Amino acid sequence: MKNRELADIFTEMASFESLEESENARFKTRAYQKVAGILDSLQEDIAEIYKKGGVKALMEIPGIGKAIAEKIEEYLTTGKIAKYEEYKAKYPIDFKELTKIEGIGTKTALSLYKELGIKNIADLKDAISRGEISKLPGFGEKSEELLDKGIKQLESSKGRLLLSEALPVAEFIVERLRKSGLAEKVEIAGSTRRMRDTIGDIDILAIGTSSSEIMDLFTGLEDVERTVVKGPSKTTVYLKIGTTCDLRVIEPGSFGAAMQYFTGSKDHNIQVRKVAINKGYKLNEYGLYDRAGNMVSGVGEQELYNKLGMDWIPPEMRENRGEIELAMKHKLPNLIQYSSLKGDFHTHTKDTDGSNTLEEMVEYARKYGLEYIATTNHTKSLKVARGMDEARFSEYFSKVDRLNEELGKDFHILKGAEVDILKDGSLDLDNKTLGDMECVVASVHSNFNMAKDEMTKRVTTALESGYVNILGHPTGRLINERPPFQIDLEKVAESAESNNVVLEINAFPTRLDLKDTDIMLTSKFRVNYAIDSDAHNISHYSVLKYGIGTARRGWLEPGRVVNTFHLDKALRMLKK
DNA sequence: GCCGTTTTCGGCCCGACTGTTTTCAGTCG
Ligand SMILES: Nc1nc2c(ncn2[C@H]2C[C@H](O)[C@@H](COP(=O)(O)OP(=O)(O)OP(=O)(O)O)O2)c(=O)[nH]1
Ligand SMILES: [Mg+2]
Ligand SMILES: [Mg+2]
Ligand SMILES: [Zn+2]
């Protein structure tokens, strides 16, 4: 897809533009940045949009106007953008690489290039080792040291953490700050509060009046590798685990405004602040102020949204994807709640690649508060997982029957499988075995590199078999390891609707598949969803919260999620 | 460069921290 390429080009254009002297350069920069972000998250292929509707269709995308639409056209038809080439010749600098270093922006990169011909990190390292930086005008000893540390930090950084990696760290730091008694309140903010699938850095808000003590405690935590910046209101540290953590300390009267600010997202904040402006207010992290400068709201986050004419928006929805308009119209969805799941349709045991027995999986499901699970082991083609054949399933299910009898009415195990969708779209078990099951999860585990239409055909063929209840991890992505395979999710959802197949929101933190935007894309169809743990051991039920967070980010109401219902109703919804 | 139930021109979110800047630009949240 050209989306990615064009996003990179416009990000570079933004860098170039930020160095221009013209009056409007700042705002052009932002326009380019905004378009890059839009192209990055655009679901449709930009080339397709252009092919169907030309420049006019491009301009219908908010953020894309005439000038940028024509640049996109130029790129799609000639493979080049003249303006870009012109800038690139003027600034032959790898901004993408250099600005990844904390503290280096485009202006710094430019003076490094002008003074020392530095174009990339390798050049910069050489200059530092020769001690050339500190002699430069506008730079000193500290700047050189900062750049050196910045490079080391970048090299040791893990990149974006999984939500499941970041959340416990955030909770631990919050606990430490709370226990100190120095703060009235300590809360998680940022992308972690929004339950994003990956976390760039951890953000924590403390409410209190003794900020310097709180900051000292924070920078002194044993998990801290070094302090990056430290002030009375904001401190940034680099943690030993290879990620950054920001702490803001704000006074009690501003709790709501500070939470609103620090939860983000940035785009959501900007949009909310525009609403404030239109109402004659000013909004910042300290409060909402009228023209005379009087505080209109500060303590309560809900009150803040209300004063702006909106309903309170759940953090998971704060991505500027239309939630602000809905909140104004009082039409926000009633999102699925945490701990509202009654069951789990996707679990493994040590009979294949799990590490616990079915008895243990049941025991812990009950401890977790569930009323039923489906036991869905892998099928024979998945040899690395010791997938089971028909005979083993038959034997296994007699054990399930015995266990169900012992359990009585308290808990129920559904007989199922996570059956491989083979290359041709057929299923990896015979129809008799599949027909006897109560919960067939069908998943792609092989041949990921098919063309988009072939993969779509493969999956829809499986859905049309009449045996599939749930489509497992529909895009196959493994976060930070493997991109999703090419598939037309709208066609899949359409097929799921007509064949009564439920789409999975696999809650396993490396998957979170479907992801938030895929849920929004597919929920236009009359399909239901299942939030499944994909548990491979007894502790994995705890990942269900990440699946619920993802469902909330996809704006799902509980009525669309099959396992929010008790067994009877859930089974009726799964029925073919 | 984009955009418009007050606008097709004149706005564009708002503030914290750092360094060598003698009064604030650059970078970041
Ligand atoms: N108003 C405003 N708020 C911002 C801006 N940049 C960041 N924020 C707020 C909203 C963000 O969610 C919050 C934390 O900033 P981060 O850079 O850590 O972003 P966030 O946590 O959303 O994503 P991340 O996973 O860390 O990349 O600070 C900005 O430019 N303007
Ligand atoms: Mg963050
Ligand atoms: Mg942050
Ligand atoms: Zn699987």
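Ile72 counts as buried, at 0% relative accessibility; buried means under 20% relative accessible area, exposed over 50% and partly exposed in between, with a 1.4 Å probe and protein chains only. Its place is in helix α4. Helices here are DSSP runs of H or I with at least four residues, strands are runs of E with at least two, and both are numbered from the N terminus. Ile72 and Leu514 sit 442 residues apart along the chain, and their C-alpha atoms are separated by 30 Å.

Some ground rules before going further. This is a predicted model, where local features need pLDDT of at least 70, side-chain atom pairs count only at pLDDT 80 or more, and totals for chains, interfaces and linings use all residues. Residues are numbered from 1 along each chain as its sequence is written, chains are lettered from A and ligands numbered from 1 in the order in which they are written, and side-chain values use heavy atoms, with hydrogens and water left out.

**The DNA strand**

Helix α4 (66–78) also turns up at the DNA: α2 (25–41), α4, α7 (106–116), α9 (141–156), β5 (224–230), β7 (244–250), α14 (266–278) and β8 (282–284) each supply at least two residues of the surface near DNA strand B. A residue is near a molecule or strand if one of its heavy atoms lies within 4 Å of it. There are 48 residues around DNA strand B, and Arg30, Gly63, Gly65, Thr108 and Gly140 come nearest. Of the strand's atoms that come within 4 Å of the protein, 75% belong to sugar and phosphate.

By class, that surface has 17 nonpolar, 13 polar and 18 charged residues. In this scheme Ala, Val, Leu, Ile, Met, Phe, Trp, Tyr, Cys and Pro count as nonpolar, Asp, Glu, Lys and Arg as charged, and the others, Gly among them, as polar.

Here are some polar contacts, meaning pairs of N or O atoms within 3.5 Å; within protein, one must be able to donate a hydrogen and the other to accept it, and residues adjacent in sequence count only if both atoms are side-chain atoms.

| Residue and atom | Partner | Distance |
|---|---|---|
| Lys28, side-chain N or O | phosphate oxygen of DNA strand B | 3.4 Å |
| Gly103, polar backbone atom | phosphate oxygen of DNA strand B | 2.9 Å |
| Gly140, backbone N or O | phosphate oxygen of DNA strand B | 2.5 Å |
| Thr263, polar backbone atom | oxygen of ligand 1 | 3.3 Å |
| Asn269, side-chain N or O | nitrogen of ligand 1 | 3.2 Å |
| Arg273, polar side-chain atom | nitrogen of ligand 1 | 3.3 Å |

**Ligand 1**

Taken alone, ligand 1 exposes 600 Å², and the protein buries 73% of that. These accessible areas come from the Shrake-Rupley method with a 1.4 Å probe; for residues, only the protein chains shown count as cover. Ligand 1 is surrounded by 15 residues, the closest being Arg160, Ser191, Gly200, Asp201 and Asp203. By class, its shell has three nonpolar, six polar and six charged residues. α11 (190–193), α13 (255–263) and α14 each supply at least two residues of that shell.

Helix α13 is largely enclosed by the rest of the structure, because eight of its nine residues are buried. Phe255, Phe262 and Thr263 are among the buried ones. Just after α13, Gly264 takes a positive phi of about 70°.

**The two magnesium ions**

Asp201 and Asp203 come up again at the metals. The magnesium ion (ligand 3) is coordinated by Asp201 (OD), Asp201 (OD), Asp203 (OD) and Asp246 (OD), at 2.2 to 2.7 Å. Donors are N, O and S atoms within 2.8 Å of the metal (3.2 Å for Na, K and Ca); water is not among the atoms, so sites may look incomplete. Along the chain, the donors of ligand 3 follow the spacing D-x1-D-x42-D. The pair Asp203, in strand β4 (residues 202–207), and Asp246, in strand β7, links distant parts of the chain, 43 residues apart. Both Asp203 and Asp246 are buried.

For the magnesium ion (ligand 2), the protein donors are Asp201 (O), Asp201 (OD) and Asp203 (OD), lying 1.9 to 2.6 Å from it. The two ions are 3.5 Å apart, and Asp201 coordinates both. At 21% relative accessibility, Asp201 counts as partly exposed, whereas Asp203 is buried with a relative accessible area of 8%.
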